[in-house]
Amino acid sequence: LDPARFLPKREEILMFKELENMSIRLLQVRFCVLQSFNRWAVAVLPLADLDAPANVSALTEGVRRARGLLFWSTKDTLWSAALEKTKVAATSVNLNLDRFKAQRLVEKNKCDKKGKRSVFGQAFRQLHTKEPTMFRIAAQKRAWTTYFKGEGAQDVGGPYREAIAVMCEELQSKALPLFIKCPNAREQLGDNQESYVPDPKATRPIHLSMYEFLGKLMGLAIRSKELLTLDLPSIVWKQLVNQEVTASDVLAIDRLAFKVMADMDSLESMSGVTPEVFDQFMADVKFCVSGSDMRLVPLVRGGDSRSVTWKNRAEFRRLLVEYRKNEFREQCAAIRRGLATVVPFTLLSLFTWEELEIQVCGRPKMDVELLKSMTTYSGYTEKDPQIRFFWEIMRNRFDDAARAKFLRFVWGRSRLPVRAADFERQFRINKMSRPQPDRYLPIGHTCFFSFDLCEYSEMSIMEERLRYAANHCSSIDADFSGAVFTVDDDDGDSDSDED
(Lines give C-alpha, C1' and ligand atoms only; values in the text may rest on other atoms or scores of the structure.)
Protein backbone atom coordinates (compact mmCIF):
# COMPACT_ATOMS: atom_id res chain seq x y z
CA LEU A 1 0.00 0.00 0.00
CA ASP A 2 1.35 3.40 -1.03
CA PRO A 3 1.59 5.46 2.23
CA ALA A 4 -0.02 8.38 0.37
CA ARG A 5 -3.15 6.21 -0.03
CA PHE A 6 -3.25 5.43 3.68
CA LEU A 7 -6.31 7.48 4.66
CA PRO A 8 -7.82 6.16 7.92
CA LYS A 9 -11.31 7.32 8.83
CA ARG A 10 -11.87 9.55 11.83
CA GLU A 11 -13.77 6.84 13.72
CA GLU A 12 -10.86 4.45 13.18
CA ILE A 13 -8.35 6.94 14.59
CA LEU A 14 -10.50 7.58 17.66
CA MET A 15 -9.98 3.95 18.69
CA PHE A 16 -6.36 4.88 19.55
CA LYS A 17 -5.98 7.76 21.99
CA GLU A 18 -2.32 8.36 21.10
CA LEU A 19 -3.22 9.02 17.45
CA GLU A 20 -6.34 11.15 17.69
CA ASN A 21 -4.52 14.50 17.50
CA MET A 22 -2.07 13.53 14.76
CA SER A 23 -2.45 14.84 11.23
CA ILE A 24 -3.05 12.47 8.32
CA ARG A 25 0.36 13.43 6.94
CA LEU A 26 2.12 12.41 10.15
CA LEU A 27 0.18 9.14 10.25
CA GLN A 28 1.28 8.43 6.67
CA VAL A 29 4.94 9.05 7.60
CA ARG A 30 4.65 6.69 10.58
CA PHE A 31 3.03 4.08 8.34
CA CYS A 32 5.91 4.39 5.88
CA VAL A 33 8.44 3.83 8.71
CA LEU A 34 6.53 0.73 9.85
CA GLN A 35 6.54 -0.62 6.31
CA SER A 36 10.33 -0.23 6.13
CA PHE A 37 10.74 -1.87 9.54
CA ASN A 38 8.63 -4.86 8.48
CA ARG A 39 10.62 -5.33 5.26
CA TRP A 40 13.76 -5.51 7.42
CA ALA A 41 12.02 -7.87 9.89
CA VAL A 42 11.16 -10.39 7.13
CA ALA A 43 14.89 -10.85 6.51
CA VAL A 44 15.88 -10.95 10.20
CA LEU A 45 13.15 -13.16 11.73
CA PRO A 46 14.55 -16.47 10.38
CA LEU A 47 17.82 -15.69 12.23
CA ALA A 48 16.17 -15.25 15.63
CA ASP A 49 16.04 -18.21 18.01
CA LEU A 50 12.46 -17.75 19.16
CA ASP A 51 12.81 -20.82 21.38
CA ALA A 52 15.45 -19.10 23.52
CA PRO A 53 14.57 -18.40 27.18
CA ALA A 54 14.20 -14.81 28.32
CA ASN A 55 17.35 -12.63 28.38
CA VAL A 56 19.54 -15.18 26.56
CA SER A 57 19.55 -13.78 23.02
CA ALA A 58 19.63 -10.04 22.37
CA LEU A 59 18.15 -10.54 18.88
CA THR A 60 15.33 -12.71 20.22
CA GLU A 61 14.53 -10.24 22.99
CA GLY A 62 14.49 -7.43 20.44
CA VAL A 63 12.02 -9.33 18.27
CA ARG A 64 9.78 -10.01 21.26
CA ARG A 65 9.82 -6.38 22.34
CA ALA A 66 8.99 -5.29 18.79
CA ARG A 67 6.13 -7.78 18.28
CA GLY A 68 3.58 -4.96 18.44
CA LEU A 69 5.28 -3.23 15.48
CA LEU A 70 5.12 -6.24 13.19
CA PHE A 71 2.26 -6.31 10.69
CA TRP A 72 -0.06 -9.27 10.84
CA SER A 73 0.92 -10.17 7.27
CA THR A 74 4.59 -10.34 8.34
CA LYS A 75 3.81 -12.80 11.14
CA ASP A 76 1.16 -14.70 9.22
CA THR A 77 3.61 -15.68 6.46
CA LEU A 78 5.79 -17.58 8.94
CA TRP A 79 2.86 -18.78 11.07
CA SER A 80 0.78 -20.19 8.20
CA ALA A 81 3.81 -21.97 6.73
CA ALA A 82 4.60 -23.57 10.10
CA LEU A 83 0.98 -24.65 10.65
CA GLU A 84 0.87 -26.15 7.16
CA LYS A 85 4.15 -28.00 7.65
CA THR A 86 3.06 -29.56 10.95
CA LYS A 87 -0.56 -30.45 10.17
CA VAL A 88 -1.73 -34.06 10.03
CA ALA A 89 -4.72 -35.76 8.46
CA ALA A 90 -7.79 -35.98 10.68
CA THR A 91 -8.13 -39.36 12.38
CA SER A 92 -11.26 -41.36 13.15
CA VAL A 93 -11.95 -40.61 16.81
CA ASN A 94 -15.36 -40.96 18.43
CA LEU A 95 -16.29 -38.81 21.43
CA ASN A 96 -19.24 -40.16 23.42
CA LEU A 97 -20.86 -37.57 25.67
CA ASP A 98 -23.67 -37.89 28.18
CA ARG A 99 -25.22 -34.45 28.54
CA PHE A 100 -27.85 -35.80 30.93
CA LYS A 101 -25.10 -36.70 33.40
CA ALA A 102 -23.57 -33.25 32.99
CA GLN A 103 -26.96 -31.60 33.53
CA ARG A 104 -27.54 -33.53 36.75
CA LEU A 105 -24.19 -32.24 38.01
CA VAL A 106 -25.41 -28.67 37.45
CA GLU A 107 -28.81 -29.33 39.01
CA LYS A 108 -27.16 -30.70 42.15
CA ASN A 109 -24.84 -27.65 42.25
CA LYS A 110 -21.81 -29.94 42.28
CA CYS A 111 -18.29 -29.29 40.99
CA ASP A 112 -16.66 -31.86 38.72
CA LYS A 113 -13.33 -31.84 40.56
CA LYS A 114 -12.07 -35.06 38.98
CA GLY A 115 -13.30 -34.42 35.45
CA LYS A 116 -15.78 -37.28 35.19
CA ARG A 117 -19.29 -35.88 34.75
CA SER A 118 -19.16 -32.54 32.96
CA VAL A 119 -18.99 -32.52 29.16
CA PHE A 120 -15.48 -31.03 29.46
CA GLY A 121 -14.52 -33.74 31.95
CA GLN A 122 -15.88 -36.55 29.77
CA ALA A 123 -14.00 -35.18 26.76
CA PHE A 124 -10.86 -34.79 28.87
CA ARG A 125 -11.02 -38.42 30.01
CA GLN A 126 -11.43 -39.72 26.46
CA LEU A 127 -9.07 -37.43 24.52
CA HIS A 128 -6.28 -36.12 26.75
CA THR A 129 -4.28 -39.36 26.73
CA LYS A 130 -4.39 -39.68 22.95
CA GLU A 131 -1.50 -38.51 20.80
CA PRO A 132 -1.60 -34.70 20.50
CA THR A 133 -1.19 -35.06 16.75
CA MET A 134 -4.96 -35.69 16.60
CA PHE A 135 -5.41 -31.97 17.31
CA ARG A 136 -3.02 -30.83 14.54
CA ILE A 137 -5.63 -30.89 11.82
CA ALA A 138 -6.21 -28.55 8.89
CA ALA A 139 -8.64 -25.64 8.90
CA GLN A 140 -12.35 -26.55 8.66
CA LYS A 141 -11.65 -30.15 9.74
CA ARG A 142 -13.00 -31.86 12.86
CA ALA A 143 -10.77 -33.63 15.38
CA TRP A 144 -13.46 -36.09 16.46
CA THR A 145 -17.02 -37.21 15.79
CA THR A 146 -19.45 -36.39 18.58
CA TYR A 147 -22.17 -38.75 19.80
CA PHE A 148 -24.62 -37.40 22.38
CA LYS A 149 -26.04 -40.26 24.45
CA GLY A 150 -29.82 -40.48 24.07
CA GLU A 151 -29.94 -37.76 21.39
CA GLY A 152 -30.55 -38.46 17.75
CA ALA A 153 -28.32 -35.85 16.16
CA GLN A 154 -25.94 -36.93 13.37
CA ASP A 155 -22.60 -35.17 13.63
CA VAL A 156 -22.17 -33.33 10.35
CA GLY A 157 -20.60 -30.47 12.31
CA GLY A 158 -23.37 -29.23 14.59
CA PRO A 159 -22.84 -31.62 17.55
CA TYR A 160 -19.08 -31.10 17.26
CA ARG A 161 -19.45 -27.34 17.63
CA GLU A 162 -22.10 -27.76 20.31
CA ALA A 163 -19.75 -29.93 22.37
CA ILE A 164 -17.04 -27.27 22.20
CA ALA A 165 -19.52 -24.54 23.11
CA VAL A 166 -20.77 -26.49 26.15
CA MET A 167 -17.19 -27.11 27.30
CA CYS A 168 -16.53 -23.36 27.22
CA GLU A 169 -19.70 -22.72 29.22
CA GLU A 170 -18.65 -25.24 31.85
CA LEU A 171 -15.13 -23.84 32.12
CA GLN A 172 -16.67 -20.49 33.01
CA SER A 173 -18.99 -21.83 35.68
CA LYS A 174 -18.97 -23.62 39.02
CA ALA A 175 -19.28 -26.98 37.24
CA LEU A 176 -15.48 -27.18 36.98
CA PRO A 177 -12.75 -26.21 39.49
CA LEU A 178 -10.53 -24.45 36.97
CA PHE A 179 -11.73 -20.83 36.67
CA ILE A 180 -13.30 -18.23 38.92
CA LYS A 181 -14.77 -14.80 38.27
CA CYS A 182 -12.36 -11.87 38.32
CA PRO A 183 -12.22 -10.02 41.66
CA ASN A 184 -13.57 -6.96 39.84
CA ALA A 185 -16.79 -8.90 39.21
CA ARG A 186 -17.07 -9.69 42.92
CA GLU A 187 -16.56 -6.03 43.83
CA GLN A 188 -18.54 -4.74 40.83
CA LEU A 189 -15.97 -2.17 39.78
CA GLY A 190 -13.27 -1.76 37.18
CA ASP A 191 -12.62 -3.67 33.97
CA ASN A 192 -13.11 -7.32 33.01
CA GLN A 193 -16.13 -7.89 35.23
CA GLU A 194 -17.28 -10.53 32.73
CA SER A 195 -13.91 -12.30 32.62
CA TYR A 196 -12.54 -15.39 34.36
CA VAL A 197 -9.12 -16.18 35.80
CA PRO A 198 -7.59 -19.54 36.79
CA ASP A 199 -8.39 -20.61 40.33
CA PRO A 200 -5.09 -20.36 42.26
CA LYS A 201 -6.19 -23.33 44.39
CA ALA A 202 -6.38 -25.61 41.33
CA THR A 203 -2.92 -27.12 41.66
CA ARG A 204 -3.63 -30.85 42.02
CA PRO A 205 -2.20 -33.05 39.23
CA ILE A 206 -5.70 -33.71 37.83
CA HIS A 207 -6.37 -29.97 37.66
CA LEU A 208 -3.10 -29.24 35.88
CA SER A 209 -3.86 -32.04 33.41
CA MET A 210 -7.23 -30.45 32.69
CA TYR A 211 -5.52 -27.10 32.09
CA GLU A 212 -3.19 -28.87 29.65
CA PHE A 213 -6.22 -30.27 27.85
CA LEU A 214 -7.62 -26.74 27.60
CA GLY A 215 -4.31 -25.71 26.00
CA LYS A 216 -4.79 -28.44 23.42
CA LEU A 217 -8.30 -27.15 22.68
CA MET A 218 -6.83 -23.67 22.20
CA GLY A 219 -4.33 -25.08 19.71
CA LEU A 220 -7.16 -26.92 17.97
CA ALA A 221 -9.10 -23.64 17.72
CA ILE A 222 -6.11 -21.94 16.08
CA ARG A 223 -5.71 -24.72 13.54
CA SER A 224 -9.32 -25.64 12.76
CA LYS A 225 -10.86 -22.14 13.14
CA GLU A 226 -13.51 -23.58 15.48
CA LEU A 227 -13.20 -20.78 18.01
CA LEU A 228 -13.60 -21.01 21.78
CA THR A 229 -16.02 -18.75 23.64
CA LEU A 230 -13.73 -17.81 26.51
CA ASP A 231 -13.48 -14.50 28.36
CA LEU A 232 -9.94 -14.43 29.74
CA PRO A 233 -8.04 -11.23 30.66
CA SER A 234 -4.61 -10.10 29.53
CA ILE A 235 -2.89 -11.54 32.61
CA VAL A 236 -3.66 -15.03 31.23
CA TRP A 237 -3.00 -14.48 27.52
CA LYS A 238 0.32 -12.69 28.12
CA GLN A 239 1.76 -15.69 29.89
CA LEU A 240 0.93 -17.88 26.90
CA VAL A 241 3.01 -15.73 24.52
CA ASN A 242 5.88 -14.91 26.93
CA GLN A 243 4.81 -11.28 27.20
CA GLU A 244 5.66 -9.43 30.41
CA VAL A 245 2.84 -9.21 32.96
CA THR A 246 2.63 -5.74 34.51
CA ALA A 247 0.87 -4.21 37.48
CA SER A 248 -1.68 -2.82 35.01
CA ASP A 249 -2.70 -6.37 34.10
CA VAL A 250 -3.30 -7.09 37.79
CA LEU A 251 -5.38 -3.93 38.23
CA ALA A 252 -7.37 -4.90 35.14
CA ILE A 253 -8.75 -7.88 37.09
CA ASP A 254 -8.59 -6.45 40.63
CA ARG A 255 -8.84 -2.70 41.09
CA LEU A 256 -8.21 -3.12 44.82
CA ALA A 257 -5.13 -5.33 44.45
CA PHE A 258 -2.70 -2.63 45.56
CA LYS A 259 -4.99 -0.58 47.79
CA VAL A 260 -2.78 -1.22 50.80
CA MET A 261 0.17 0.24 48.86
CA ALA A 262 -1.88 3.34 48.03
CA ASP A 263 -2.73 3.66 51.73
CA MET A 264 0.98 3.42 52.56
CA ASP A 265 1.78 6.14 50.00
CA SER A 266 -0.88 8.37 51.51
CA LEU A 267 0.45 7.78 55.01
CA GLU A 268 4.05 8.47 53.98
CA SER A 269 3.07 11.75 52.33
CA MET A 270 1.36 13.11 55.46
CA SER A 271 3.35 15.69 57.37
CA GLY A 272 4.55 14.67 60.79
CA VAL A 273 4.54 10.93 60.06
CA THR A 274 7.71 9.48 61.54
CA PRO A 275 8.87 5.86 61.18
CA GLU A 276 7.47 5.19 64.63
CA VAL A 277 4.06 6.64 63.73
CA PHE A 278 4.09 4.64 60.46
CA ASP A 279 4.79 1.43 62.39
CA GLN A 280 1.88 2.12 64.74
CA PHE A 281 -0.56 2.71 61.89
CA MET A 282 0.59 -0.42 60.01
CA ALA A 283 0.78 -2.75 63.01
CA ASP A 284 -2.25 -4.75 61.85
CA VAL A 285 -1.01 -5.10 58.27
CA LYS A 286 0.87 -8.38 57.90
CA PHE A 287 3.06 -9.86 55.18
CA CYS A 288 -0.02 -11.51 53.64
CA VAL A 289 -2.13 -10.90 50.58
CA SER A 290 -5.76 -11.64 49.82
CA GLY A 291 -5.65 -13.39 46.44
CA SER A 292 -8.15 -13.54 43.62
CA ASP A 293 -9.83 -16.48 45.37
CA MET A 294 -10.07 -14.45 48.63
CA ARG A 295 -7.61 -16.75 50.43
CA LEU A 296 -5.11 -15.06 52.73
CA VAL A 297 -1.66 -16.05 51.43
CA PRO A 298 1.56 -15.33 53.39
CA LEU A 299 4.18 -13.58 51.26
CA VAL A 300 7.01 -15.05 53.35
CA ARG A 301 7.24 -17.87 55.87
CA GLY A 302 5.48 -16.67 58.99
CA GLY A 303 4.07 -13.70 57.08
CA ASP A 304 0.77 -13.86 58.94
CA SER A 305 2.58 -12.79 62.13
CA ARG A 306 5.05 -10.33 60.61
CA SER A 307 3.88 -6.69 60.53
CA VAL A 308 4.74 -4.16 57.83
CA THR A 309 7.11 -1.52 59.20
CA TRP A 310 8.94 1.52 57.92
CA LYS A 311 12.11 -0.56 57.47
CA ASN A 312 10.54 -3.47 55.56
CA ARG A 313 7.88 -1.57 53.58
CA ALA A 314 9.89 -1.75 50.32
CA GLU A 315 10.22 -5.52 50.69
CA PHE A 316 6.47 -5.80 51.32
CA ARG A 317 5.67 -3.79 48.17
CA ARG A 318 7.99 -5.93 46.07
CA LEU A 319 6.61 -9.23 47.35
CA LEU A 320 3.00 -8.09 47.01
CA VAL A 321 3.41 -7.02 43.38
CA GLU A 322 5.44 -10.13 42.54
CA TYR A 323 2.80 -12.45 43.99
CA ARG A 324 -0.13 -10.81 42.22
CA LYS A 325 1.71 -10.77 38.87
CA ASN A 326 2.54 -14.47 39.19
CA GLU A 327 -0.62 -15.64 40.95
CA PHE A 328 -1.71 -17.86 38.02
CA ARG A 329 1.74 -18.89 36.81
CA GLU A 330 1.34 -22.62 37.54
CA GLN A 331 -2.05 -22.85 35.82
CA CYS A 332 -0.95 -20.80 32.79
CA ALA A 333 2.20 -22.90 32.46
CA ALA A 334 0.00 -26.00 32.22
CA ILE A 335 -2.17 -24.38 29.53
CA ARG A 336 1.00 -23.41 27.67
CA ARG A 337 2.30 -26.99 27.81
CA GLY A 338 -0.88 -28.26 26.19
CA LEU A 339 -0.85 -25.51 23.58
CA ALA A 340 2.77 -26.30 22.72
CA THR A 341 1.85 -29.87 21.73
CA VAL A 342 -0.55 -28.66 19.03
CA VAL A 343 0.92 -25.50 17.44
CA PRO A 344 4.51 -24.35 16.67
CA PHE A 345 4.82 -22.79 20.08
CA THR A 346 8.09 -20.91 19.60
CA LEU A 347 6.48 -18.70 16.94
CA LEU A 348 3.87 -17.50 19.43
CA SER A 349 6.52 -15.08 20.71
CA LEU A 350 5.83 -13.07 17.55
CA PHE A 351 2.25 -12.37 18.58
CA THR A 352 0.84 -9.92 21.09
CA TRP A 353 -1.57 -11.28 23.64
CA GLU A 354 -4.45 -9.61 21.77
CA GLU A 355 -3.51 -11.42 18.56
CA LEU A 356 -3.43 -14.79 20.31
CA GLU A 357 -6.83 -14.12 21.88
CA ILE A 358 -8.30 -13.33 18.45
CA GLN A 359 -6.86 -16.54 16.97
CA VAL A 360 -8.31 -18.67 19.76
CA CYS A 361 -11.58 -16.86 20.49
CA GLY A 362 -12.25 -14.52 17.58
CA ARG A 363 -13.53 -11.03 18.19
CA PRO A 364 -16.02 -10.74 21.06
CA LYS A 365 -18.18 -8.32 19.10
CA MET A 366 -19.94 -9.84 16.12
CA ASP A 367 -19.13 -8.20 12.81
CA VAL A 368 -22.64 -8.10 11.34
CA GLU A 369 -21.39 -6.78 8.01
CA LEU A 370 -18.96 -9.70 7.73
CA LEU A 371 -21.82 -12.12 8.41
CA LYS A 372 -24.00 -10.37 5.82
CA SER A 373 -21.23 -10.57 3.21
CA MET A 374 -21.11 -14.34 3.77
CA THR A 375 -24.90 -14.87 3.49
CA THR A 376 -26.92 -16.48 0.70
CA TYR A 377 -30.69 -16.74 0.38
CA SER A 378 -33.04 -19.53 -0.65
CA GLY A 379 -36.56 -18.38 -1.52
CA TYR A 380 -35.73 -14.83 -0.45
CA THR A 381 -33.80 -11.99 -2.03
CA GLU A 382 -31.82 -9.33 -0.23
CA LYS A 383 -34.55 -6.78 -1.05
CA ASP A 384 -37.43 -8.70 0.54
CA PRO A 385 -38.92 -6.98 3.62
CA GLN A 386 -38.25 -10.00 5.85
CA ILE A 387 -34.54 -9.89 4.98
CA ARG A 388 -34.44 -6.15 5.65
CA PHE A 389 -36.17 -6.81 9.00
CA PHE A 390 -33.61 -9.47 9.85
CA TRP A 391 -30.52 -7.35 9.25
CA GLU A 392 -32.03 -4.36 11.04
CA ILE A 393 -32.65 -6.58 14.07
CA MET A 394 -29.12 -7.96 13.97
CA ARG A 395 -27.55 -4.52 13.64
CA ASN A 396 -29.61 -2.33 15.93
CA ARG A 397 -31.99 -4.38 18.08
CA PHE A 398 -29.80 -7.25 19.23
CA ASP A 399 -26.91 -6.58 21.58
CA ASP A 400 -23.71 -8.65 21.53
CA ALA A 401 -25.13 -11.27 23.90
CA ALA A 402 -28.26 -11.74 21.77
CA ARG A 403 -26.18 -11.99 18.59
CA ALA A 404 -23.99 -14.67 20.22
CA LYS A 405 -27.07 -16.67 21.20
CA PHE A 406 -28.49 -16.37 17.69
CA LEU A 407 -25.22 -17.63 16.20
CA ARG A 408 -25.29 -20.57 18.60
CA PHE A 409 -28.86 -21.30 17.41
CA VAL A 410 -27.91 -21.42 13.73
CA TRP A 411 -24.30 -22.66 13.89
CA GLY A 412 -23.60 -24.19 17.31
CA ARG A 413 -20.92 -21.62 18.10
CA SER A 414 -20.98 -18.18 19.71
CA ARG A 415 -18.39 -16.23 17.71
CA LEU A 416 -17.79 -15.62 14.06
CA PRO A 417 -14.47 -16.46 12.39
CA VAL A 418 -12.10 -13.52 12.18
CA ARG A 419 -12.17 -13.20 8.39
CA ALA A 420 -14.15 -14.44 5.40
CA ALA A 421 -11.47 -16.95 4.41
CA ASP A 422 -11.98 -18.79 7.72
CA PHE A 423 -15.68 -19.59 7.09
CA GLU A 424 -16.14 -23.28 6.24
CA ARG A 425 -19.41 -22.47 4.48
CA GLN A 426 -21.69 -19.52 3.82
CA PHE A 427 -24.65 -18.66 6.02
CA ARG A 428 -27.97 -19.40 4.34
CA ILE A 429 -31.43 -18.02 5.12
CA ASN A 430 -34.23 -20.24 3.80
CA LYS A 431 -37.82 -19.14 3.25
CA MET A 432 -40.24 -21.17 5.37
CA SER A 433 -43.75 -20.99 3.94
CA ARG A 434 -46.59 -21.39 6.44
CA PRO A 435 -50.30 -20.41 6.20
CA GLN A 436 -50.08 -18.29 9.38
CA PRO A 437 -46.36 -17.39 9.51
CA ASP A 438 -46.53 -15.17 12.62
CA ARG A 439 -47.36 -18.23 14.74
CA TYR A 440 -44.17 -20.16 13.90
CA LEU A 441 -40.65 -20.05 15.27
CA PRO A 442 -37.60 -20.09 12.98
CA ILE A 443 -35.75 -23.40 12.68
CA GLY A 444 -31.96 -23.60 12.99
CA HIS A 445 -29.74 -26.14 11.20
CA THR A 446 -26.41 -25.98 13.02
CA CYS A 447 -24.71 -28.62 10.86
CA PHE A 448 -25.30 -26.53 7.75
CA PHE A 449 -25.07 -22.98 9.18
CA SER A 450 -28.56 -22.08 8.01
CA PHE A 451 -32.02 -21.39 9.34
CA ASP A 452 -35.59 -21.32 8.08
CA LEU A 453 -37.32 -17.97 8.40
CA CYS A 454 -41.07 -17.38 8.03
CA GLU A 455 -42.55 -14.39 6.22
CA TYR A 456 -43.33 -12.50 9.42
CA SER A 457 -45.67 -9.58 8.93
CA GLU A 458 -43.85 -7.15 11.24
CA MET A 459 -40.31 -6.57 12.46
CA SER A 460 -41.40 -6.68 16.10
CA ILE A 461 -42.90 -10.16 15.61
CA MET A 462 -39.75 -11.41 13.88
CA GLU A 463 -37.60 -10.02 16.70
CA GLU A 464 -39.73 -11.74 19.33
CA ARG A 465 -39.60 -15.10 17.50
CA LEU A 466 -35.84 -14.84 16.92
CA ARG A 467 -35.18 -14.01 20.57
CA TYR A 468 -37.28 -16.92 21.79
CA ALA A 469 -35.63 -19.40 19.43
CA ALA A 470 -32.11 -18.20 20.27
CA ASN A 471 -32.74 -18.41 24.02
CA HIS A 472 -34.72 -21.63 24.21
CA CYS A 473 -34.06 -23.73 21.11
CA SER A 474 -30.26 -24.10 21.00
CA SER A 475 -30.05 -27.78 22.11
CA ILE A 476 -29.22 -30.18 19.33
CA ASP A 477 -31.66 -33.08 19.00
CA ALA A 478 -33.33 -34.75 16.06
CA ASP A 479 -36.93 -35.96 16.08
CA PHE A 480 -35.88 -38.62 18.55
CA SER A 481 -38.46 -40.17 20.79
CA GLY A 482 -37.71 -39.68 24.47
CA ALA A 483 -39.62 -42.90 25.14
CA VAL A 484 -36.70 -45.00 23.96
CA PHE A 485 -34.29 -43.50 26.45
CA THR A 486 -34.91 -43.26 30.18
CA VAL A 487 -32.68 -41.29 32.51
CA ASP A 488 -31.48 -43.00 35.67
CA ASP A 489 -30.80 -40.53 38.47
CA ASP A 490 -27.98 -42.70 39.77
CA ASP A 491 -25.02 -42.13 37.42
CA GLY A 492 -22.74 -44.41 39.39
CA ASP A 493 -20.48 -41.67 40.71
CA SER A 494 -20.32 -40.49 44.28
CA ASP A 495 -21.59 -37.02 45.11
CA SER A 496 -18.82 -36.44 47.62
CA ASP A 497 -16.81 -33.24 47.52
CA GLU A 498 -13.82 -35.26 46.33
CA ASP A 499 -15.49 -35.82 42.92
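Is Phe120 buried or exposed? In this predicted model, Phe120 is buried, because its relative accessible area is 0% and anything under 20% counts as buried.

Start from that residue. Phe120 belongs to the largest nonpolar core, a set of 93 residues. Together with Trp144 and Met218, Phe120 ranks among the residues with the most contacts inside this core. Helix α9, residues 205–224, supplies the largest share of the core, with eleven residues.

Now look at Trp144. Beyond its neighbours within four places in sequence, Trp144 is in contact with residues from several stretches of numbering, including Val93, Leu95, Leu127, Met134 and Phe135. Its contacts also include Tyr160, Ile164 and Met167. Leu217 and Leu220 are on the list too, as is Asp155.

A second core is separate from this one. It has 35 residues, among them Met374, Phe389, Ala402 and Leu453.

Turn next to the rings. The model has 24 aromatic pairs. One of them joins Phe120 and Phe213. Their ring centres are 5.4 Å apart and their planes lie at 65 degrees, so the pair is edge-to-face. The two partners come from distant parts of the chain: Phe120 sits in helix α6, residues 119–127, and Phe213 in helix α9. They are 93 residues apart. Phe213 is also buried, because its relative accessible area is 0%.

Further along, aromatic residues gather in one cluster. Its members are Phe390, Trp391, Phe406, Phe409, Trp411, Phe423, Phe427, Phe449 and Phe451.

Two arginines also meet rings. The charged end of Arg306 sits over the ring of Phe287, 4.2 Å from the ring centre. Arg313 places its charged end over the ring of Trp310, at 3.8 Å from the centre.

Finally, follow the strands. Strands of a sheet pair through backbone hydrogen bonds, either parallel or antiparallel. Here, four strands make an open sheet in the order β7-β8-β10-β9, and the pairing is mixed. Which strands stand at the edges? They are β7 (375–378) and β9 (443–445). Each has a single partner strand, so one side of each is left without a neighbour in the sheet. On average, neighbouring strands are turned by 25 degrees against each other, direction ignored.

Inside the sheet, β8 and β10 run parallel. Five bridges join them, with β8 covering residues 427–432 and β10 covering residues 450–454. One bridge to pick out is that of Asn430, whose partner in β10 is Asp452.

Notes
Residues are numbered from 1 along each chain as its sequence is written. This is a predicted model: local features need pLDDT of at least 70, side-chain atom pairs count only at pLDDT 80 or more; totals for chains, interfaces and linings use all residues. Side-chain values use heavy atoms; hydrogens and water are left out. A nonpolar core is a set of buried Ala, Val, Leu, Ile, Met, Phe, Trp, Tyr and Cys residues joined through side-chain atoms within 4.5 Å. Buried means under 20% relative accessible area, exposed over 50%, partly exposed in between (1.4 Å probe, protein chains only). Helices (H or I, at least four residues) and strands (E, at least two) are DSSP runs, numbered from the N terminus. Contact means heavy atoms within 4.5 Å. Rings of Phe, Tyr and Trp (its six-membered ring) pair if their centres lie within 6.5 Å; planes under 30 degrees apart count as stacked, over 60 as edge-to-face and the rest as tilted. A charge sits over a ring if NZ of Lys or CZ of Arg is within 6 Å of the ring centre and within 35 degrees of the ring normal. Two strands pair if DSSP finds at least two bridges between them. Axes are lines fitted to C-alpha atoms, for helices over the stretch in contact, and angles run from 0 to 180 degrees between N-to-C directions.
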